[in-house]
Amino acid sequence: MSAVSPFPENYGYVMLSAVGIGLQVLITGYRAGRYRIMNQEWVEKNLKQENEVFKKKYGYDIPKGAYPDMGDGRHCSKLSYEEWLEYASHQRAHGNYVEGVATVITFIMIAGLSYPMFTALMALIYMAGRETYSWGYRKWGPSGRYYGLWFNLALLTIAITAIVSALKFTNWGQAHLDAEWAA
């Protein structure tokens, strides 16, 4: 028995691309390596005094990863400059992705209502650009991000496609866009 879908044919590819972007954000965050750099041994060695205060307040030791420090606080100040630089570059690549993920997924889901295959393709190009951006940042610091800035072309294309798709769902769009594009 097959179910009737309210979504256009091939919209599943759009949903898969949104899931792929979500997974890519998680993987980019995991690569920051806070557990590798600030493992339990490092925490015990470098945060003795802080751990006493932390344990008094919360009843347990500072966990590996040195939470709640997100890379620019008191705990991370104990990293060597080289360790901090590596961690901060990874964290910034992840943070930049997190800053835009809600926007791009919203654009993808709207654009895909009218143009599912094109949108899914643009989402794949966006993901490839994001990975290149992240890789460049991790490898060469801030200047390395320029290797992947082309993901913005895919993002702009997806944004324009989302606007056109949304307009098609308005009375004006149905009267003007469908007629003009059909000619």
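Rings of Phe, Tyr and Trp, the last taken by its six-membered ring, are paired if their centres lie within 6.5 Å. In this predicted model, 12 aromatic pairs are found. The rings of F54 and Y58 are one such pair, with centres 4.9 Å apart and planes at 55°. An angle of under 30 degrees would count as stacked and one of over 60 as edge-to-face, so the F54 and Y58 pair is tilted.

Both F54 and Y58 belong to helix α4, which covers residues 48-58. The two positions are 4 residues apart, about one turn of the helix. F54 also forms an aromatic pair with Y60. The centre-to-centre distance for F54 and Y60 is 5.5 Å, and the angle of 80° between the planes makes the arrangement edge-to-face.

The three residues were also assessed for relative accessibility. F54 has a value of 11% and therefore counts as buried, since the limit for burial is under 20%. Y58, at 47%, counts as partly exposed, and Y60, at 46%, is likewise assigned as partly exposed. Thus F54, a buried residue, pairs with the partly exposed Y58 and with the partly exposed Y60.

A separate set of residues was examined for clustering. Y97, Y126, Y133, Y137 and F151 make up one aromatic cluster. Y133, a member of this cluster, has R130 over the face of its ring, at 5.3 Å from the ring centre.

Definitions and conventions:
Residues numbered from 1 in each chain as written. Predicted model: local features only at pLDDT ≥ 70, side-chain atom pairs only at ≥ 80, totals over all residues. Heavy atoms only, no water. Buried < 20%, exposed > 50% of the residue type's maximum accessible area, 1.4 Å probe, protein only. Lys NZ or Arg CZ within 6 Å of the ring centre and 35° of its normal.
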